[in-house]
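Q: I should like to learn how packing between secondary-structure elements is read from a model. Could we work through some examples together?

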Amino acid sequence: MALSARSIRPTLLAPAIRNARGHAVAVDPPYLPPSPSVQQTQRRRWVDGDVRHDWRRSEIQKIFDGPLMETIFRAASVHRIHQDASRIQLCTLMNIKTGGCTEDCKYCSQSSSYKTPTKASRLIDIEPVLQAAREAKANGSTRFCMGAAWRDLAGKKSGFEKILKMVTEVRGMGMEVCTTLGMLSPEQAIRLKQAGLSAYNHNLDTSREFYPEVVTSRSYDDRLATIDAVRDAGISVCSGGILGLGEKDEDRVGLIHEVSRMSQHPESFPVNTLVPIEGTPLEKNDPVAVHTVLRTIATARIVLPKTIIRLAAGRHTFSEVEQAMAFMAGANAIFTGEKMLTTPCSGWEEDKAMLGRWGLRGQRSFEDGESLDVPGLNNEKEVSATL
């Protein structure tokens, strides 16, 4: 069968052109770059749903800036590649030590740097925590989180021992257990893992560039060091940020870019919206627009396809339809119960009714087959030598 000139590579046409009659004799074939090497042709072409650790910030910015409905559709498609989009994890967060924190986070009512309605208190006893965990489990929560307003655990040996007991007891109820206790050393992370801790929350808050505008009492790298210690101990990392701190879109992208480059993506990525509290430097900040929250969630879902995206603080300010849009954009966990640390939270019955109306179900505990083993520590002798 005869081939058209268009179907033949120009290099094959060159002899014919040179030998043709008329003006064509003086025409050389156009320059063609060398054919791609085998290595170039075998280079990976990324598609939506692939887990990547080499995202460029400009790539993420392009996703964030795209048409919102198209980005949400894209995120919803990615969500269904790796996860059951009909399941939402219900988590309950309890403040086990309130106020008096020496950090100067400008959004936090628990900082001793500001005069706020929050009053400092001691670490609470074990039994009230266990009772709260039982209530949470009875209402469908499968992860129980405990937060203490501390910079770190230095000088808090007895308090740390009490928290380890709390972790063990809550784990014994068949629940996932999460804590947020400030900065951790590698040894403290290992002890938490041995006690049965499932996850550790340590938010980066915002981009590296904007972070100094929000916190000056510890550096961005301090936070990353705690995340490294947690991951090395075999504990799942829960790390996200807060919208509404005064940051710009590029800072929201910068936060997602930072966690995307980690050797292992966070197990969960909380998306908090600022709840302005009287007495804090950010008390007069404007509320975050819901479309900004949706863009952040959808972008995070595309970039972190296997990560749980948590619709966290400030959720009570969004309507049910707006929350449903967040679930469509890829959010698959919420905090539910009486309160979330010092900010309001939607109640269990309200949330269960909402999920039922949208055909969503609660997620089971330990769906990821969590192991209690500490990486690199295989026996008691090794553990003792490490601590």
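Q: Against which elements do the buried residues of helix 8 pack?
A: This is a predicted model. To answer such a question, one takes the buried residues of the helix and looks for the elements that they contact. Here the buried residues of helix 8 pack against two helices, helix 7 (186-195) and helix 9 (249-260), and against strand 4 (199-201) and strand 5 (236-238).

Q: Which residues of helix 8 are buried?
A: The buried set consists of Tyr220, Arg223, Leu224, Thr226, Ile227, Ala229, Val230 and Arg231.

Q: How is the length of helix 8 compared with what is expected?
A: One compares the distance between the terminal C-alpha atoms with a span based on 1.5 Å a residue. Helix 8 comprises 13 residues, 220-232, and reaches 19 Å from its first C-alpha to its last, close to the expected 18 Å.

Q: What is the phi of the glycine that follows helix 8, and what is that of the glycine just after helix 7?
A: Here one reads the sign of the backbone angle and then its value. Gly234, following helix 8, has a positive phi near 85°. Just after helix 7, Gly196 likewise takes a positive phi, of about 115°.

Q: Which residues of helix 7 are themselves buried?
A: They are Gln188, Ala189, Ile190, Leu192, Lys193 and Ala195.

Q: How are helix 5 and helix 6 arranged relative to each other?
A: For a pair of helices one reads the angle and the separation of the axes, and then the handedness of the crossing. Helix 5 (residues 126-138) and helix 6 (residues 157-171) pack at an angle of about 30°, with their axes 10 Å apart. Because angles under 35 degrees count as roughly parallel, helix 5 and helix 6 are roughly parallel to each other. The crossing of helix 5 past helix 6 is right-handed.

Q: Which residues form that contact between helix 5 and helix 6?
A: From helix 5, Ile126, Val129, Leu130 and Ala133 meet Lys162, Lys165, Met166, Glu169 and Val170 of helix 6. By class, this contact has six nonpolar, no polar and three charged residues.

Q: At what angle do helix 3 and helix 9 cross?
A: The axes of helix 3 (residues 57-65) and helix 9 cross at roughly 125° and come within 9 Å. Helix 3 is therefore oblique to helix 9. Its passage across helix 9 is a right-handed crossing.

Q: Which residues meet there?
A: Arg57, Ile60, Gln61 and Phe64 of helix 3 meet Asp249, Glu250, Arg252, Val253, Gly254, Ile256, His257 and Ser260 of helix 9. The contact divides into four nonpolar, four polar and four charged residues.

Note on methods. Residues numbered from 1 in each chain as written. Predicted model: local features only at pLDDT ≥ 70, side-chain atom pairs only at ≥ 80, totals over all residues. Heavy atoms only, no water. Helix = DSSP H or I, 4+ residues; strand = E, 2+ residues; numbered from the N terminus. Expected span 1.5 Å × (residues − 1). Buried < 20%, exposed > 50% of the residue type's maximum accessible area, 1.4 Å probe, protein only. Contact = heavy atoms within 4.5 Å. Axes fitted to C-alpha atoms, helices over the stretch in contact; angles between N-to-C directions. Parallel < 35°, antiparallel > 145°, perpendicular 65-115°, else oblique. Left-handed = near helix turned anticlockwise from the far one by under 90°. Nonpolar A, V, L, I, M, F, W, Y, C, P; charged D, E, K, R; others polar.
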